[in-house]
Amino acid sequence: MAVKFVRPKIPKFAPDPWAIQFDDQGHLRHLLTIEGLGPQWITRILDTAEGFVSVTDREIKKVPLLRGRTVVNLFFESSTRTRTTFELAAKRLSADVLNLNLATSATKKGESLLDTLRNIEAMQADMFVVRHEQSGAAHFIARHVAPHVSVLNAGDGWHSHPTQALLDAFTIRRHKGGFTPLRVAIVGDIRHSRVARSQMHVLNSLNVGELRVIAPRTLIPTDVEKLGVRVFHDMREGLQDVDVIIMLRLQRERMESGLLPSEEEFYRLYGLTEEKLAWAKDDAIVMHPGPANRGVEIESSVADGPQSVILEQVSNGIGVRMAVMSLCMSANRGDQT
Ligand code: NCD
């Protein structure tokens with residue numbers, strides 16, 4: 001029997017559907033989405049991450065902040081980078097870590113999502129890191145966990161991937177110093193990308209100078225302008241004077257057929273080649289959340305070139321995830337100031 005997933009019901013007149021992320025004292029308890037965090041919390045997470053990134057540069061890469069705590073990675077959808085960096089982040093905070101690949105586990109044998117949760121809670125888990133193919137899954141889990149448990153969203157459907165967007169903002173800030181003077185372009189399959197949605201929220205919250213999306217019409221979500229972006233369908237126009245280029249993968253698994261003529265055509269028009277990169281500012285940085293498809297959205301020499309910060313994004317992901325974990329756990333200890 002398939003797992004029955006119930007889409008969370010957001011009360012019609014709720015003032016802020018994302019208020020669930022905070023406890024009664026206004027401490028950050030869950031990280032489900034960027035919406036509702038506001039620039040202060042986002043900046044606090046990025047500042048906290050600065051300290052943790054230096055921990056990861058030390059010979060002994062551990063701090064005892066989560067000693068005695070148990071972090072459970074609940075991955076209903078496969079992942080390499082995100083799962084492993086969450087795992088490393090938890091280990092570097094001295095937590096015990098359990099990795100559950102639920103795509104092949106009890107939920108497939110007919111146990112409901114809530115039963116699975118109760119069983120894991122009975123193992124005295126303190127934090128769930130959740131990835132699920134359904135939008136709203138982490139929110140649903142957050143509404144049903146025991147009061148001492150925190151939930152971090154590691155990607156839900158097309159909706160949100162908050163830690164990815166935060167590590168991207170962190171990487172941009174490290175290279176460019178701030179956000180207000182910057183032009184940032186997100187290129188590729190915007191429509192199916194939870195990463196793009198979270199990036200738009202994070203960058204607009206941080207008051208980025210100009211946010212652009214560049215893609216064929218079929219890969220742009222309807223009403224994307226309402227998210228505060230300028231839409232371009234032409235790379236030469238869209239990349240002009242840009243400081244940061246974020247490339248995205250074609251999310252084939254979420255695509256109906258017929259949205260694209262062919263990968264070759266996409267590469268010709270939108271693939272970031274050295275030639276197209278020259279249309280952006282000389283010191284523009286190139287980013288990608290991974291997994292990157294060389295020869296589809298990015299040329300190998302650009303992915304490995306001097307302007308690429310793709311591997312730095314992966315390393316920064318550890319420090320940013322340590323920051324989020326320690327802040328949410330300190331809400332539970334009651335010592336967040
Ligand atoms: C992204 C994801 O899973 O949403 N990758 C990631 O977390 N590093 C983007 C993608 O799958 O293309």
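In the predicted model, arginine 194 contacts a set of residues that lie more than four places away in sequence, namely Glu77, Arg131, His132, Gly155, Asp156, Gly157, Trp158, His159, Ser160, His161 and Arg254. Arginine 194 is placed in helix α6, which spans residues 194-205, and its relative accessible area of 7% falls under the 20% cut-off, so that the residue is classed as buried. According to the UniProt record, an unreviewed entry, the annotation "binding site" covers Arg194 together with Lys109 and Arg249; of these annotated residues, Arg194 and Arg249 are included in the lining of the largest pocket.

The largest nonpolar core comprises 91 residues, among which Leu166, Leu272 and Met325 have the most contacts inside the core. Helix α11, formed by residues 310-333, supplies the largest share of this core, with 10 residues. Because residues are contributed both by domain 1 (17-160 + 315-333) and by domain 2 (162-309), the core lies between the two domains. In soluble globular proteins, nonpolar side chains tend to be buried together.

The surroundings of methionine 325, one of the residues with the most contacts inside the largest core, were examined further. When residues up to four places away in sequence are not counted, methionine 325 touches Leu66, Val71, Phe86, Ala89, Ala90, Leu93, Met127, Val129 and Leu152. A second core, separate from the largest one, consists of 18 residues, including Phe76, Leu117, Val149 and Val151.

Conventions
Residues are numbered from 1 along each chain as its sequence is written. This is a predicted model: local features need pLDDT of at least 70, side-chain atom pairs count only at pLDDT 80 or more; totals for chains, interfaces and linings use all residues. Side-chain values use heavy atoms; hydrogens and water are left out. UniProt positions are given in the numbering used here, feature names are shortened, and annotations may be inferred rather than shown by experiment. On a 1 Å grid over the protein atoms alone, a cavity is a set of points where a 1.4 Å probe fits but cannot get out, and a pocket is an open set with protein on both sides within 12 Å along at least five of seven lines; lining residues have an atom within 4 Å of a point. Helices (H or I, at least four residues) and strands (E, at least two) are DSSP runs, numbered from the N terminus. Buried means under 20% relative accessible area, exposed over 50%, partly exposed in between (1.4 Å probe, protein chains only). Contact means heavy atoms within 4.5 Å. A nonpolar core is a set of buried Ala, Val, Leu, Ile, Met, Phe, Trp, Tyr and Cys residues joined through side-chain atoms within 4.5 Å. Domain bounds come from an automatic or database domain assignment.
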